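Grab a pencil and work through the exercises on the protein shown here. Try each task yourself before you read its solution.

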Amino acid sequence: MKLKQRVVLLAILLVIFIFTKVFLIDNLDTSAAHREDQRAFQRMLAGLRVALDPRLEHTLQSPWEIAAQWVVPREVYPEDTPELGAVMHAMSTKKIVKADVGYKGTQLKALLILEGGQKVVFKPKRYARDYIVEGEPYAGYDRHNAEVAAFHLDRILGFRRAPLVVGRFVNLRTEIKPVATEQLLGTFMTVGNNTCFYGKCYYCRETEPACADGDIMEGSVTLWLPDVWPLQKHRHPWGRTYREGKLARWEYDESYCDAVKKTSPYDSGPRLLDIIDTAIFDYLIGNADRHHYESFQDDEGASMLILLDNAKSFGNPALDERSILAPLYQCCIIRVSTWNRLNYLKNGVLKSALKTAMSHDPISPVLSDPHLDALDQRLLSILATVKQCTDQFGPDVVLVEDRMTLSHL
């Protein structure tokens, strides 16, 4: 064999060797990541049931101190939370030492201080479980049970970006009124035999109070994030105008995501993928009301998008508001870990998992069966949307490995 032929043959073999090595390494990395995602999913399933038990392993700390130590820039609580039940038990039972009107906002809520100094946000029951909220996808009062269900869905999806929420029954006459501020107390009234209040908020009206069953009011309590983690509010790039006849740019411009990708903090880092995770989360729960979102202050786009205020959800199980998925189908990217988790939840696993996760909540059953069934149907729509993206652009473009430095330019 001539020298020239040998050199060519050697070069070809070298190229084949390099490509083979790269291919094997890539597949080994992908396989390892996939196996880790599977293990994480199994750990989540094993820890779904959260029995509300007052016992703490770390007896030198209060439940509030434990929960505060969980918070880091990319999660509100860790994957392994053996004391989650104890913290939630404290949220649902600790003595209320002060009650005030809720922080600014559009919907009725109360700010409670529990024994030990912990703030929680109380949202009262406004609807029966089977009530259907008609109209726009963001219509109606806040749904307290939606906050509970959304928190457990956050656990199931593995995001861990929603503050802790648990259901609670409170006696308005004996637990709230004796410790209420004058501002809150001034909104109390009696309607028939029921104690009611209407609070202070943008849409709060004396003619539209929330009423207890006698003195006992069902609601949800959301754990206030530690003061050492101040929040920064951002306008959601896919927010609605809330004005009849006026569309936001994303509603008519199919290339809108290209513009978002050139804007900080969506041009690099995890924020755009957080937006897409959140779109998936919101579509599953039917929340079309995320006009703003919060992250931790001074994070330069590195901290998570915190899944706060999920109460405009689970209003109508028959309504699938596809526009909520706009960040997904316009950007056509999704985290590999999110994609894997969604696939693990197919074939009724999502409905079963959420039902199990909520079974120990004090206000269980949290959701009616039609809402649980709707989750499984919406999951199929999300998977179909991602498939459309991969068919158009290829999986290498659409499925983003989120264990690396991200750039969307």
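The exercises below go from the whole chain to a sheet, two helices and some annotated residues.

Before you start, keep in mind that this is a predicted model, where local features need pLDDT of at least 70, side-chain atom pairs count only at pLDDT 80 or more, and totals for chains, interfaces and linings use all residues. Residues are numbered from 1 along each chain as its sequence is written, and side-chain values use heavy atoms, with hydrogens and water left out.

**Exercise 1. The whole chain**

Task: Find how many helices and strands the protein chain has, and what share of its residues is buried.

Solution:
- Step 1. Count the elements: the protein chain has 13 helices and twelve strands. These are DSSP runs, numbered from the N terminus (helices: H or I, at least four residues; strands: E, at least two).
- Step 2. Look at burial: 51% of the 409 residues count as buried. Buried means under 20% relative accessible area, exposed means over 50%, and partly exposed is in between (1.4 Å probe, protein chains only).
- Step 3. Check the contacts, meaning heavy atoms within 4.5 Å. Of the contacts between residues at least 6 apart in sequence, 73% join residues at least 24 apart.

**Exercise 2. A five-stranded sheet**

Task: Work out the strand order of the open sheet with five strands, and say whether the pairing is parallel or antiparallel.

Solution:
- Step 1. Write down the order, S1-S2-S3-S8-S4, with antiparallel pairing. Two strands pair if DSSP finds at least two bridges between them.
- Step 2. Find the edges: S1 (96–101) and S4 (165–171) each pair on one side only.
- Step 3. Add the twist, which averages 35° from one strand to the next.
- Step 4. Zoom in on one pair: S3 (residues 118–124) and S8 run antiparallel and are joined by five bridges. Here Phe 122 stands opposite Val 221 in S8.
- Step 5. See what packs on the sheet: helix H3 (residues 84–93) touches S2 (110–114), S4 and S8, and its direction makes about 25° with that of S4. For such angles, axes are lines fitted to C-alpha atoms, for helices over the stretch in contact, and angles run from 0 to 180 degrees between N-to-C directions.

**Exercise 3. Two covered helices**

Task: Check the span of H4 against the expected value, then do likewise for H8.

Solution:
- Step 1. Recall the rule: the expected span is 1.5 Å times one less than the number of residues.
- Step 2. H4 (residues 144–157) has 14 residues and reaches 21 Å from first C-alpha to last, close to the expected 20 Å.
- Step 3. H8 (residues 271–285) has 15 residues and reaches 21 Å, close to the 21 Å expected.
- Step 4. Check burial: 14 of 14 residues are buried in H4, and 15 of 15 in H8.
- Step 5. Look just past the ends: Gly 158 follows H4 with a positive phi near 80°, while Gly 286, just after H8, has a positive phi of about 75°.

**Exercise 4. Two annotated aspartates**

Task: Which of Asp 142 and Asp 309 is buried, and which is partly exposed?

Solution:
- Step 1. Start from the record: an unreviewed UniProt entry places a "binding site" feature at Asp 142 and Asp 309. UniProt positions are in the numbering used here, feature names are shortened, and annotations may be inferred rather than shown by experiment.
- Step 2. Place them in space: they are spread over 168 residues of sequence but cluster, with a largest C-alpha distance of 9.1 Å.
- Step 3. Asp 142 sits in the loop between S3 and H4. Its relative accessible area is 10%, so Asp 142 is buried.
- Step 4. Asp 309 sits in the loop between S10 and H9. Its relative accessible area is 41%, so Asp 309 is partly exposed.
- Step 5. Compare partners, not counting residues up to four places away in sequence: those of Asp 142 include Gln 107 and Lys 123, and those of Asp 309 include Tyr 103 and Lys 123.

**Exercise 5. Two neighbours in a loop**

Task: Why does Trp 224 count as partly exposed, and why does Leu 225 count as buried?

Solution:
- Step 1. Locate them: Trp 224 is in the loop between S8 (216–223) and S9 (231–235), and Leu 225 also lies in the loop between S8 and S9.
- Step 2. Trp 224 counts as partly exposed because its relative accessibility is 27%.
- Step 3. Leu 225 counts as buried because its relative accessibility is 11%.
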